[in-house]
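The following note is offered to a colleague who is opening this structure for the first time. It proceeds point by point, and each point may be checked against the display.

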Amino acid sequence: MSIVVQEVTKYFGLQKALDNVSFEVKTGEIVGFLGPNGAGKSTMMKIITGFIPATSGKVFVNDLESGNDNTEVRKIIGYLPENNPLYPEMYVKEYLGFVASIYKSAIPVKKQVDNIIEATGLAPEQKKKIGSLSKGYRQRVGLAQALIHDPSVLILDEATTGLDPNQIVEIRNLIKEAGREKTVMLSTHIMQEVEAICDRVIIIDKGIIVANEAKANIYSMLRQPKQVVQVEFDKDISEIILPGYDNIKSARRIKNNIWIIEAECEEDIRPALFNFAVNNNLTVLSLQKNESNLEEVFRHLTNG
């Protein structure tokens, strides 16, 4: 395992930020770490990276115990914190050279800087001062400093904050590419981002892990019928009857001639709805199967 968190609890004074948190992240996994504001996401990430200590419990990164005095752990972690602290008076290329020199890699600093500038799309801005950059480009600089020493573990706290849609896609692709060889733990409020790139989802609420599932399985935690189908007919009807389907939980009109049908059966009910329309001289104007999404699961588990 790349990251192993064992029964971590963290107090700030009398306030408990993390409550006996345990989870593991496998080598080569991209894991989405989600939670409402104040749930403990950033605190957990700071403990993993060794920036703050846990009150109790242990964290291991590549079998090394993490702590605020363990420089060996910091060498193998790339960390982009939520607030992305940078030196605004430094030029982009100058700053990245400074960061690269700290890690004392066998790769020449110039080569490290040139490679990461190309990978993160910073070439047009490399000769500008960081303080003059847009928020999106400052975020890219933060991601570049996290990746420049080629870490095996990448911790990203709100990595795409402030980016426009095109930049989000570019950074998302960069994270996916990194995830082929690295372990990535990604905190974000953008659910589409998690659905697009993550293998597994961990959700934390009030300092407690409430979900830890493969992305494909996370939707089963939303307690709802197996099928939810929305259909619109061209004419008004009083009810929908589907012979042979005993597991229809409800069929209710939500607007004009639009109906929502909830069913517990495994068999797709849409062909039966077409037959119902034909038998009742109706035209189906639209028919869609509503799929669960991560936002619904998140709201359900965090009482949003």
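1. Glu125 and Lys128 form a salt bridge, and their closest N and O atoms lie 2.9 Å apart. The structure under review is a predicted model, and the distances and areas below should be read in that light. Within this pair, Glu125 is buried, at a relative accessible area of 11%. Its partner Lys128 is partly exposed, with a relative accessible area of 39%.

2. A second salt bridge joins Asp205 to Lys206, with 3.4 Å between the closest N and O atoms. How accessible is each partner? Asp205 has a relative accessible area of 10% and is therefore buried, since buried means under 20%. Lys206, at 61% relative accessibility, counts as exposed.

3. The third pair to inspect is Glu262 with Arg252, a salt bridge in which the closest N and O atoms are 3.3 Å apart. Glu262 belongs to strand 13 (residues 258-263) and Arg252 to strand 12 (residues 248-255), so the salt bridge ties together parts that are 10 residues apart in sequence. Glu262 is buried, with a relative accessible area of 16%, whereas Arg252 is partly exposed at 38% relative accessibility. Elsewhere, Lys93, Lys110 and Asp114 are joined into one network by salt bridges that share partners. The search of the whole structure finds 13 salt bridges.

4. Side chains of opposite charge can pair when their charged atoms come close. Lys41 deserves attention here, as a buried residue that has no salt bridge. Which side chain of opposite charge is nearest to Lys41, and how far away is that side chain? The answer is Glu158, at 5.2 Å. This pair does not count as a salt bridge because the definition requires the nitrogen and the carboxyl oxygen to lie within 4 Å.

5. The surroundings of Lys41 can be described further. Lys41 is placed in helix 1, which covers residues 41-48. A polar atom of the Lys41 side chain lies 2.9 Å from the backbone oxygen of Gly35. The side chain of Lys41 also reaches the backbone oxygen of Pro36, at 3.2 Å. When residues up to four places away in sequence are not counted, Lys41 touches Phe33, Leu34, Gly35, Pro36, Glu158, Ser187, His189 and Ile204.

6. Two asparagines should be checked for their backbone angles. Asn256 has a phi near 50°, a positive value in a residue other than glycine. Asn256 sits in the loop between strand 12 and strand 13, and at 57% relative accessibility Asn256 counts as exposed. Asn281 likewise has a positive phi, near 55°, and is a residue other than glycine. The place of Asn281 is the loop between helix 9 (270-279) and strand 14 (284-289). Is Asn281 buried or exposed? With a relative accessible area of 62%, Asn281 is exposed.

7. Ile130 lies in the loop between helix 4 (109-119) and helix 5 (135-147). Although in a loop, Ile130 counts as buried, at 1% relative accessibility. Which residues does Ile130 contact, leaving aside neighbours within four places in sequence? They are Leu86, Tyr87, Pro88, Met90, Tyr91, Val92, Tyr95, Arg138 and Val141. Ile130 and Glu295 are 165 residues apart along the chain, and their C-alpha atoms are separated by 34 Å.

8. Tyr87, one of the contacts of Ile130, also contributes to the surface. Together with Phe98 and Ile102, Tyr87 makes a nonpolar surface patch of about 290 Å². Of these residues, Ile102 lies in helix 3, which spans residues 92-103.

9. A final position to examine is Glu118, located in helix 4. Glu118 is exposed, with a relative accessible area of 68%. The C-alpha atoms of Glu118 and Ala144 are 9.8 Å apart in space, while the two residues are 26 residues apart in sequence.

Technical notes:
Residues are numbered from 1 along each chain as its sequence is written. This is a predicted model: local features need pLDDT of at least 70, side-chain atom pairs count only at pLDDT 80 or more; totals for chains, interfaces and linings use all residues. Side-chain values use heavy atoms; hydrogens and water are left out. Helices (H or I, at least four residues) and strands (E, at least two) are DSSP runs, numbered from the N terminus. Buried means under 20% relative accessible area, exposed over 50%, partly exposed in between (1.4 Å probe, protein chains only). Lys and Arg count as positive and Asp and Glu as negative; His and the chain ends are not counted. A polar contact is a pair of N or O atoms within 3.5 Å; within protein, one must be able to donate a hydrogen and the other to accept it, and residues adjacent in sequence count only if both atoms are side-chain atoms. Contact means heavy atoms within 4.5 Å. Patches are made of residues with over 30% relative accessible area and no salt bridge: like charges are joined within 9 Å, nonpolar side chains (Val, Leu, Ile, Met, Phe, Trp, Tyr) within 5 Å. Accessible areas come from the Shrake-Rupley method with a 1.4 Å probe; for residues, only the protein chains shown count as cover.
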